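Thanks for making the time this morning. I would like to walk you through one structure, and I ask that you keep the sequence and the picture in view while I talk.

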Amino acid sequence: MPITDPALGDVRPYVLTQGRTRPRHALDLISRLIPGEADPLPFMPSAEHSALVDLCRDSAFSVSELSARLGLPVQVTKVLLGDLIDSGALRLLNPAGPTDPEAHLMEKLLDGLRYRL
Amino acid sequence: MACATDSDTAPTDPGPIPRYELKVVVTGGFGAGKTTTIASVSEIDILTTEAGLTTAGAGVDDLNGLSNKTTTTVAMDFGRITFPEQDIILYLFGTPGQERFQFMWDELGRGAVGAVVLADTRRLRDSFVAINWCEHLRLPFVVAVNRFDDALPYEPDEIRQALDLDAHVPLMVFDARERSSAWKVLYALVEHSLQQHSIRQHSHPSASGATG
């Protein structure tokens, strides 16, 4: 359900976040989310909260993918995801943050790429 | 702008979720072929996300006639590749090329494997901003010259010289529309990043961030 009412311009997305512009959780563009232990949605969930939870049931989507699929700015998506993490509806696949590109991972990645050359 | 939610259509079995997530930045001047490059290797249709930025008005185009602050929306294209055997999912982000958005790129660059700087020989100057940014973040990068026509008007060495590239930075000529060509560029980048990584480990284990 994209939010693209031109008359509302940039205002509506931040209504969704109740004016909050900073997420409470450190979320990178590639942080991926999966369903949490608990089911409850945040207090007074918006349609966008529900849509985010639904998407994450299908697969572990990244912040950037969720933002693109809902047609919401990244910053707004991060705030809404923060609500869902707080309520337990979603959790980070890698709670320690996105993977650092360590040497052993880059070697793996090279293997994967070599296979496709 | 594609922002379809296709939750109704059953996706093909995505398999187990890869454990590791990595990212690569594809950057360069306007029209250098960032989106084309990503589309050549991405397993999903290119997605676009919008990063809304609130910036001080000075020096920034005023969009709505607001006095002091302007919300600027920067669109970022991206794609992804899953490597099931390696347990890795790789995201490729095309950065907006304008200099004034550099502070936003920093989040993108942090933790990235590296960057592909696309160069268009007709507008080489546009690549400087991207190269400076990589150097500022100490992000390993390769320069990929997108061959728009069959003939390249310059020798790779001439381009290297014009860009004032260090000898260790790989420079290659490729065709962004060709999948195999784009794969080679990615491969060269990861190989280069790995080399840079081991050089840094050996020479300066506690490298601190760039100053100023």
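I will take chain A, then chain B, and then the salt bridges.

Please bear in mind throughout that this is a predicted model. Let me begin with chain A, whose secondary structure amounts to five helices and three strands, arranged along the sequence as α-β-α-β-α-α-β-α. Of the 117 residues in this chain, 50% are buried, and about 5,600 Å² of the chain is exposed, with carbon and sulfur atoms supplying 55% of that area. If you consider the contacts in chain A with a separation of 6 or more, 75% of them are between residues 24 or more positions apart.

The three strands of chain A form an open sheet in the order β2-β1-β3, and their pairing is antiparallel. Because β2 (61-62) and β3 (90-92) of chain A are the edge strands, each with a single partner, one side of each is left without a neighbour in the sheet. The pairing between β1(A), residues 32-35, and β3(A) is antiparallel and runs over three bridges, and within it A:Pro35 has A:Leu90 of β3(A) as its bridge partner. Helix α2 of chain A, residues 47-58, packs on this sheet and touches β1, β2 and β3 of chain A, with its direction at about 90° to that of β1(A). Helix α4 of chain A, residues 74-87, also packs on the sheet, where it touches β1 and β3 of chain A, and its direction makes about 105° with that of β3(A).

Now to chain B, where I would like to look at one strand in some detail. How many of the nine residues of strand β1 of chain B, residues 20-28, are buried? The count is nine of the nine, and so this strand is largely enclosed by the rest of the structure. As a reminder, side chains in a regular strand alternate between the two faces of the sheet. Here, B:Tyr20, B:Leu22, B:Val24, B:Val26 and B:Gly28 point one way from β1(B), while B:Glu21, B:Lys23, B:Val25 and B:Thr27 point the other way, and all of these are buried.

As for its partners, β1(B) runs parallel to strand β4 of chain B, residues 88-94, and is joined to it by seven bridges; in that pairing, B:Val24 has B:Leu92 as its bridge partner. With strand β5 of chain B, residues 114-119, β1(B) is again parallel, this time through five bridges, and B:Val26 is there the bridge partner of B:Val116.

There is also a helix crossing to point out in chain B. The axes of α1(B) and helix α5 of chain B, residues 179-203, come within 8 Å and cross at roughly 100°, and the two helices are therefore roughly perpendicular to each other. On the α1(B) side, B:Thr37, B:Ser40 and B:Val41 meet B:Arg179, B:Ala182, B:Trp183 and B:Leu186 of α5(B).

Finally, the salt bridges, of which the whole structure has eleven over all chains. One of them is formed by A:Arg91 and A:Glu37, with the closest N and O atoms 3.8 Å apart. Since A:Arg91 lies in strand β3 of chain A and A:Glu37 in the loop between β1 and α2 of chain A, the pair ties together parts that are 54 residues apart in sequence. A:Arg91 counts as partly exposed at 36% relative accessibility, whereas A:Glu37, at 74%, counts as exposed.

Which two residues form a salt bridge with their closest N and O atoms 3.0 Å apart? They are B:Glu107 and A:Lys78, and because B:Glu107 lies in helix α2 of chain B, residues 102-109, and A:Lys78 in helix α4 of chain A, the pair joins two chains. B:Glu107 is partly exposed at 27% relative accessibility, while A:Lys78 is buried at 5%.

The last pair is B:Glu43 and B:Arg80, whose side chains meet in a salt bridge at 2.8 Å, N to O. This pair links distant parts of the chain, 37 residues apart, with B:Glu43 in the loop between α1 (34-41) and β2 (47-56) of chain B and B:Arg80 in strand β3 of chain B, residues 69-83. B:Glu43 is partly exposed, with a relative accessible area of 39%, and B:Arg80 is buried, with 16%. These two residues also belong to a network of salt bridges that links them with A:Glu65.

Definitions and conventions. Residues numbered from 1 in each chain as written. Chains lettered and ligands numbered in written order. Predicted model: local features only at pLDDT ≥ 70, side-chain atom pairs only at ≥ 80, totals over all residues. Heavy atoms only, no water. Pairing = 2+ DSSP bridges. Helix = DSSP H or I, 4+ residues; strand = E, 2+ residues; numbered from the N terminus. Contact = heavy atoms within 4.5 Å. Axes fitted to C-alpha atoms, helices over the stretch in contact; angles between N-to-C directions. Buried < 20%, exposed > 50% of the residue type's maximum accessible area, 1.4 Å probe, protein only. Areas by Shrake-Rupley, 256 points an atom, 1.4 Å probe, with all protein chains shown as cover. Salt bridge = Lys/Arg side-chain N within 4 Å of Asp/Glu carboxyl O. Parallel < 35°, antiparallel > 145°, perpendicular 65-115°, else oblique.
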